[in-house]
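Let's take a walk through this one together, a chain at a time. Have the viewer open and follow along.

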Amino acid sequence: MRNQFKSIVLLSVVSGLLLVGASTAQAQTGLLPFGGIVSYQINCSCSPGLSWIWFTPLYLGGPINITGPMIYSPFSTILYGYYMIGVPGKWHLGDYYPGVQACWVKVYKFCVPLPAVGLMSKVGTNY
Amino acid sequence: MIFALGVLVTPAGAETFAANLTVGSRGSDVTTLQQFLVAKGYLQMPAGVSYGYFGPLTKAAVARWQVANGISPAVGYFGPISRAMIVSQMATSPVSPVPASSNPNLSPSVEIDTPSALGMRVNRIMLFRATPFEVRPGDFATLDGSGFSQTLNKVYFNGDNPITATSTDGTTLEISVPANLVEGEYKLSVSNALGSSENPDIIIAIKVTNNPEPGPTIESASITGDAVTIIGRGFTSANNLFTTLGDSSSPISSNGTNLTFRVTDLSRYNQIKQSTLGKYQVALWIYVQNEHGINKEPYKLEIII
């Protein structure tokens, strides 16, 4: 019982710090934190090199379970170890530019942006 | 470093960096580093942002420069190896001159003539689409892409009939379709100082016709069970769906304003459903495409999967 109480207090403190840190980071940079497990990825056919990566679950800090895509760009996303970007089953943790649409894909005789939650600014993965 | 007649000159051997730099660093060394990265095309400073603070954009630019120069790990930390290499590069290749008249306060936002969209490769011109897809000769159209010039672009129709156009942001071009074009479909390309947007794998077209039809527009959408109903305009007897949960397997007919499909028929639905088990919220973004074009902005419908 005592250990459970300690865990709850510790979890509350860590969550609070994360929320404060996240809101401070957003105020300063416009970036938001995210985390999740990769389900699969798609190459952006019209913007070569970029990947559209689907996460289940996708953690953005809200109370609802969500699933959805983020964009990785080798030209702007800073990749940290262990470099398993877009590999199914791997955890990813980082921050992102909300709403930035950079993954363009071929449809018919034009390209359209394949919508995503945002563009990763930096990301690290597990091994 | 000497500023003479608005020209940034870095004499050989004159530049050094006193310390390692990372996010949060400030001072003249950061300014020097940023000017070098801007001059070499690795960094675009947002308008109104002054030099001298090492933030996330500078870190990303350093990482790109490190990748290009084989420095590992390329994580944007400006340490001893990067410092030595950049000093060496400055000594052998002074930072490009910047005319004072066009750059009175050395703001990089006006130094770069071909801005790229965030996330895109810099110094490459790309063309994504023309809207509307169907136009009359002489009509205006908007081209979306990246790396367009603020001073001179040439837009070609089937490699011919070039017109000139300028972009204010590097990602859009407003053009007037040549009035002398005969009806037909034309392959578009744009060229400027960066090269040409031509890509044999990606053909971007525009249709010139005396009777253009507007492309599809989605006004609303709703879901009941697994059936999604879309209300809009410009739908035809054969419409294709492109969504964040995948595409439709075959064309869907419409009476012009209503279109219905099953979300379970989308190509990636089952793949995602395997791990969500009906407990997750997802944004289903919808495009409808037919022979007259595609909705420019996708429609967002929140569903549970």
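Helices and strands here are DSSP runs, with at least four residues (H or I) for a helix and at least two (E) for a strand, and they are numbered from the N terminus. Keep in mind as you look around that this is a predicted model.

Start with chain A. By that count, chain A has one helix and eight strands. Trace chain A from its N terminus and the helix turns up ahead of the strands, in the order α-β-β-β-β-β-β-β-β. Chain A has 127 residues, and 43% of them count as buried. How are its contacts spread along the sequence? Taking contacts in chain A between residues at least 6 apart in sequence, 60% join residues at least 24 apart.

Now swing over to where the chains meet. On one side there are 39 residues of chain B, in contact with 38 residues of chain A. Which elements of chain B supply at least two residues each to the side that touches chain A? They are helix 2 (56–68), strand 3 (126–131), helix 5 (269–276) and strand 17 (281–290). Strand 17 of chain B gives the largest share, six residues. As for chemistry, the side of chain B that touches chain A divides into 26 nonpolar, eight polar and five charged residues.

Next, stay in chain B and find helix 1, residues 28–39. Its twelve residues, at 1.5 Å a residue, should span 16 Å, and the end C-alpha atoms are indeed 16 Å apart, so expectation and model agree. Is this helix enclosed or open? Helix 1 of chain B is largely enclosed by the rest of the structure, because ten of its twelve residues are buried. Among the buried ones are D29(B), Q34(B) and Q35(B), along with V30(B), L33(B), F36(B) and L37(B). As background, an α-helix has 3.6 residues a turn, so residues three or four places apart point the same way. Just past the end of helix 1 of chain B, G41(B) takes a positive phi of about 90°.

Last stop: I163(B), which sits in strand 7 of chain B, residues 160–165. Why does I163(B) count as partly exposed? I163(B) has 13 other C-beta atoms within 10 Å, and a residue needs 20 or more to be buried, or 12 or fewer to be exposed. Leaving out residues up to four places away in sequence, I163(B) touches V155(B), I175(B), S176(B) and P178(B). P178(B) is 15 residues from I163(B) along the chain, and their C-alpha atoms are separated by 7.6 Å.

Terms used
Residues numbered from 1 in each chain as written. Chains lettered and ligands numbered in written order. Predicted model: local features only at pLDDT ≥ 70, side-chain atom pairs only at ≥ 80, totals over all residues. Contact = placed C-beta atoms within 7 Å. Nonpolar A, V, L, I, M, F, W, Y, C, P; charged D, E, K, R; others polar. Expected span 1.5 Å × (residues − 1).
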